[in-house]
Amino acid sequence: MLFLRSMLFFLGQVVTAPVFTLIALLSMPLNPLTRNVLISGWARSMLWWLRITCNIRHKITGLENLPNSPSIILAKHQSAWETLAFQSIFPTQVYVLKRNLLWIPIFGWGLAMSSPIAIDRSAGRDALKKLVAKGKTRLNKGFWIVIFPEGTRKAPGERGKYLIGGAWLATHTQTQVVPVAHNAGKFWAKNSFIKKPGIIQIHIGKPIQTAALKADALNSQVEHWIESEMATLG
């Protein structure tokens with residue numbers, strides 16, 4: 001039964017992705033914020049389809065902590081789920097991601113239209129400079145920015161090294177950070193086709209002001225908050 005439900009969800013993705021890619025391409029002349037809202041319709045529809053087919057829901061704690069101005073979200077990364085759900089939960093946003101994701105046929109083309117910050121991680125300090133420059137531009141346009149500081153998905157109970165990029169961007173643009181913890185990997189595991197029914201818990205922390213912080217101190221503070229919350233999620 002889990003396989004059948006997961007297959008139905010997958011088929012929904014396959015059928016609708018080209019449609020929204022076409023919408024993304026046609027929306028190119030529009031304001032970037034408007035274009036992003038249209039493109040994120042696919043993520044919102046897939047979140048609904050996931051609930052219908054696989055009975056995966058979510059519960060949010062801490063919505064009252066969200067600031068009114070564009071912020072940087074530093075979040076745990078366990079699953080593909082959060083890349084869909086965040087587009088429904090948080091204000092209009094862009095993602096910091098690996099540049100080669102934009103090369104994926106159809107999916108990558110639509111992704112490129114959503115104004116992501118695509119980074120070549122092997123570029124070292126030059127990548128940080130480009131991250132700050134592009135990040136300032138996105139924030140000034142009214143976008144929030146989502147970064148997964150561990151860089152890649154980690155299985156539940158697994159903890160990766162928190163990379164400095166997100167904290168570097170926040171301190172160099174003096175933008176507040178919103179830390180986010182969740183346990184999506186329990187229900188939609190890394191690289192797993194099978195989705196398990198249940199309620200994903202999302203905890204949103206209070207914003208962290210960055211004006212008086214160095215990047216490494218902010219990074220440590222974010223890591224401590226997220227990992228402490230993860231211990232309460234089970």
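This is a short walk through a predicted model, from its sheet to a helix packed on it and then to some charged pairs.

Let's start with the sheet. Seven strands, taken in the order 1-7-6-2-5-3-4, make up an open sheet with mixed pairing. Strand 1 (56–61) and strand 4 (117–119) sit at the edges; each has a single partner strand, so one side of each is left without a neighbour in the sheet. From one strand to the next, the twist averages 25 degrees. Further in, strand 2 (residues 72–75) pairs with strand 6 (residues 177–182) in the parallel sense, over 4 bridges. If you would like one spot to look at, find Ala75, which stands opposite Val180 in strand 6.

Now look at helix 7 (residues 165–173), which packs on the sheet and touches strand 2, strand 5 (144–147) and strand 6. The direction of helix 7 makes about 160 degrees with that of strand 2. Of the 9 residues of helix 7, 8 are buried, so the helix is largely enclosed by the rest of the structure. Among the buried ones are Trp168 and Leu169. The cover over these buried residues includes helix 6 (125–140) and helix 8 (215–233), along with strands 2, 5 and 6. Just after helix 7 comes Gln174, whose phi is positive, near 50 degrees.

Next, visit the loop between strand 2 and helix 4 (81–89), where Gln78 lies. Gln78 has a relative accessible area of 2%, so it counts as buried. Its side chain reaches the backbone nitrogen of Ala184 at 3.5 Å. Other residues that Gln78 touches include His182, Trp188 and Met230.

Finally, the charged pairs. Side chains of opposite charge can pair when their charged atoms come close. The whole structure holds 4 salt bridges. One of them joins Lys76 to Glu227, with the closest N and O atoms 2.8 Å apart. This pair links distant parts of the chain, since Lys76 lies in the loop between strand 2 and helix 4 and Glu227 in helix 8, 151 residues apart. Lys76 is buried at 1% relative accessibility, and Glu227 is buried at 14%. Lys76 and Glu227 also belong to a network of salt bridges with Glu150.

Another salt bridge runs between Glu223 and Arg159, at 3.1 Å between the closest N and O atoms. Glu223 is in helix 8 and Arg159 in the loop between strand 5 and helix 7, so this pair ties together parts 64 residues apart in sequence. Arg159 counts as exposed, at 51% relative accessibility. Asp126 and Lys130, by contrast, both lie in helix 6, 4 residues apart.

Note on methods:
Residues numbered from 1 in each chain as written. Predicted model: local features only at pLDDT ≥ 70, side-chain atom pairs only at ≥ 80, totals over all residues. Heavy atoms only, no water. Pairing = 2+ DSSP bridges. Helix = DSSP H or I, 4+ residues; strand = E, 2+ residues; numbered from the N terminus. Axes fitted to C-alpha atoms, helices over the stretch in contact; angles between N-to-C directions. Contact = heavy atoms within 4.5 Å. Buried < 20%, exposed > 50% of the residue type's maximum accessible area, 1.4 Å probe, protein only. Polar contact = N/O pair within 3.5 Å; in protein donor to acceptor, adjacent residues only side chain to side chain. Salt bridge = Lys/Arg side-chain N within 4 Å of Asp/Glu carboxyl O. Lists of a residue's contacts leave out its neighbours within four places in sequence.
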